[in-house]
Amino acid sequence: LAPALQRAVRSFDRDLPIYDVKLMEERASDALAKPRFQAMLLALFATGALVLAAVGVYGVVAQSVAHRRQEIAIRMALGAEAGRVVFLVLSQGLALAFVGIGLGIGAALAASRLLAGMLYGVRATDAGMLTKAALTLAAVAFLATLVPARRAARVDPVAALRQE
């Protein structure tokens, strides 16, 4: 359509310059390229941070379970069920995660003025988005804590106590 458009405009005024003919969709896409790239980069870093958080929670809880292996073995030798051991490890791991989530929400609310310039279509203090972020972090912490908790429930009391 560009050549036909150029002929039609030249039929009215030969001196009118016509250059860089693009569809409006292309112009809008070009205008949004930088914010789209920034959002993609932010999402990439956020995903990396979420993976690092999961690995960190897993490492801390796994280390705690390893140090408490004898205690867990004694509990199981005295009749604690595997489900109770899983609940014990999960509750302790998630308690730390919820403290971190609370501190993170507090920091996000405190930094809301700085964040406001980076957000489109949502307020920095939007309760729905903060809730979704908190639930996502809680789910990741739950999954990262579940693996060492299930491993703790499979501890053989006799072997663990004999090893110590």
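**Note on the helices and their core**

1. Start at the end of a helix. G79 follows α4 and has a positive phi, near 110 degrees. Keep in mind throughout that this is a predicted model.

2. Now α4 itself. I72, A73 and M76 are its buried residues. They share the same side of α4, because the arc they cover around the axis is only 100 degrees. In general, residues three or four places apart on an α-helix point the same way, so a helix with 3.6 residues a turn can show one side.

3. Next, the core. The largest nonpolar core holds 13 residues. Those with the most contacts inside it are V65, I72, V89 and A152. Two or more residues come from each of α3 (33-67), α4 (69-77), α5 (82-110) and α7 (127-153). Which helix gives the most? That is α5, with 4 residues. As a general background, nonpolar side chains tend to be buried together in soluble globular proteins.

4. Look at α5 more closely. This helix has 29 residues. From first C-alpha to last, α5 reaches 42 Å, close to the 42 Å expected at 1.5 Å a residue. Its buried residues are V85, V86, L88, V89, L90, G93, L94, A97, I101 and A108. What covers them? The cover includes α3, α4, α6 (112-116) and α7.

5. V89 is a good residue to inspect. Apart from residues up to four places away in sequence, V89 touches V61, V65, T145, A149 and A152. Two of the residues named here, V65 and A152, are, like V89, among those with the most contacts inside the core.

6. From the other side of that contact comes T145, in helix α7. Is T145 buried or exposed? T145 counts as buried, because its relative accessibility is 0% and the cut-off is under 20%. A polar atom of the T145 side chain lies 2.7 Å from the backbone oxygen of A141. Leaving aside neighbours within four places in sequence, T145 is in contact with V57, V61, V89, L90, G93 and L94.

7. Finally, a charged-residue check at R68. This arginine sits in the loop between α3 and α4. R68 has a relative accessible area of 16%, so R68 is buried. Its side chain makes a polar contact with the side chain of Q92, at 2.3 Å. Beyond its neighbours within four places in sequence, R68 is in contact with L88 and Q92. L88 is one of the buried residues of α5.

Notes
Residues are numbered from 1 along each chain as its sequence is written. This is a predicted model: local features need pLDDT of at least 70, side-chain atom pairs count only at pLDDT 80 or more; totals for chains, interfaces and linings use all residues. Side-chain values use heavy atoms; hydrogens and water are left out. A nonpolar core is a set of buried Ala, Val, Leu, Ile, Met, Phe, Trp, Tyr and Cys residues joined through side-chain atoms within 4.5 Å. Buried means under 20% relative accessible area, exposed over 50%, partly exposed in between (1.4 Å probe, protein chains only). Contact means heavy atoms within 4.5 Å. The expected span of a helix is 1.5 Å times one less than its number of residues. The arc is that of the directions from the helix axis to the C-beta atoms. A polar contact is a pair of N or O atoms within 3.5 Å; within protein, one must be able to donate a hydrogen and the other to accept it, and residues adjacent in sequence count only if both atoms are side-chain atoms.
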